[in-house]
Amino acid sequence: MIKLVIPSSKYKQTFISAVKEIKKLQGFISPSVQQFADYDLKRLEGNFENYIVLPLINTMNGVNLPEGFVSATEFWIIKDENFVGRICLRHELTEFMAKYIGHIGYMVVPSFRKQGIATAALKLVLQKAYERSLSEVLVICEDDNDISKHMLIKAINTFGGYEDTPQEKDGKKMLRYWIKTIA
Ligand SMILES: CC(C)(COP(=O)(O)OP(=O)(O)OC[C@H]1O[C@@H](n2cnc3c(N)ncnc32)[C@H](O)[C@@H]1OP(=O)(O)O)[C@@H](O)C(=O)NCCC(=O)NCCS
């Protein structure tokens, strides 16, 4: 149904369509989605490879990492050869990340939501994490993100894991879920 791929210019057009769709969203947008909405359309159209693909490949390979950053793989979620979302696997955790960020972050393009795509992508990334010798991964979500919360509790019930002590950041309760990876 879906696959996870390493970022590539092959998906330029549907990636840009996704950015355009997200730029039109009204009301509160979560920080991970806002970052996507902030992409510059001119640079996306004109220099996709250098603007988007290469920095992601560098981050994956630990090249040119800013201070305090760890290497991470951003997988693009592809359905019928269309970009429909992304899911990031951070290869390790700093003390700060273990409190507030976690190993995994994800986002599905609004017009593709409620089709089981995030659930399927999470399962695939749990396999990728296992391949990186991680036996469990931490996923952190804000207390008011009911959909993500539901997904993560379901993942713990399916694959194993536990809920760790929540943390507070900028007045928000951050829930912390450890999920077993999949061999
Ligand atoms: C959270 C998010 C990734 C879910 O993506 P998705 O592909 O729609 O999720 P799924 O279709 O796999 O649904 C996951 C579960 O949530 C439920 N769900 C999804 N959207 C829902 C909605 N709008 N209302 C109620 N339940 C919903 C689904 O029914 C499913 O539960 P089930 O397995 O018991 O049936 C997506 O809403 C998103 O990108 N949100 C913004 C970014 C974000 O919050 N990222 C997570 C940060 S921790």
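Tutor: Let's start with how elements get their names: helices (H or I, at least four residues) and strands (E, at least two) are DSSP runs, numbered from the N terminus. What we have here is a predicted model, where local features need pLDDT of at least 70 and side-chain atom pairs count only at pLDDT 80 or more, while totals for chains, interfaces and linings use all residues. Residues are numbered from 1 along each chain as its sequence is written.

Student: How many helices and strands does the protein have, then?

Tutor: Six helices and seven strands, in the order β-α-α-α-β-β-α-β-α-β-α-β-β from the N terminus on.

Student: What makes the protein as compact as a globular protein of that length?

Tutor: Set the radius of gyration (over C-alpha atoms) against the globule rule, 2.2 Å times the number of residues to the power 0.38. The protein comes out at 16 Å and the rule gives 16 Å for 183 residues, so the protein is as compact as a globular protein of that length. The C-alpha trace spans about 45 × 35 × 35 Å along its principal axes.

Student: Which residues surround the ligand most closely?

Tutor: The closest of the 20 are R113, I117, A118, T119 and C141. (A residue is near if its C-beta atom, placed from the backbone, lies within 6 Å.) Helix 2 (31-37), strand 4 (104-108), helix 5 (117-131) and helix 6 (146-159) each give two or more residues to that shell, and helix 6 has the largest share, five residues.

Student: What makes strand 4 "mostly covered"?

Tutor: Four of its five residues are buried, and buried means that 20 or more other C-beta atoms lie within 10 Å of the residue's own (12 or fewer is exposed, in between is partly exposed). In the protein, buried residues make up 26% of the 183 residues.

Student: How do you know that strand 3 and strand 4 are joined?

Tutor: Two strands pair if DSSP finds at least two bridges between them. Strand 3 and strand 4 have five and run antiparallel, so they pass that cut-off. I87 stands opposite Y106 in strand 4.

Student: Which residues have the most contacts inside the largest nonpolar core?

Tutor: I77, I87, A121, V125 and V139, in a core of 36 residues. Such a core is a set of buried Ala, Val, Leu, Ile, Met, Phe, Trp, Tyr and Cys residues joined through C-beta atoms within 7 Å. Helix 5 gives the most to this core, seven residues.

Student: What is I87 in contact with?

Tutor: Beyond its neighbours within four places in sequence, I87 contacts L4, F75, I77, I104, Y106, A121 and V125, with contact meaning C-beta atoms, placed from the backbone, within 7 Å.

Notes: Two residues are in contact if their C-beta atoms, placed from the backbone, lie within 7 Å.
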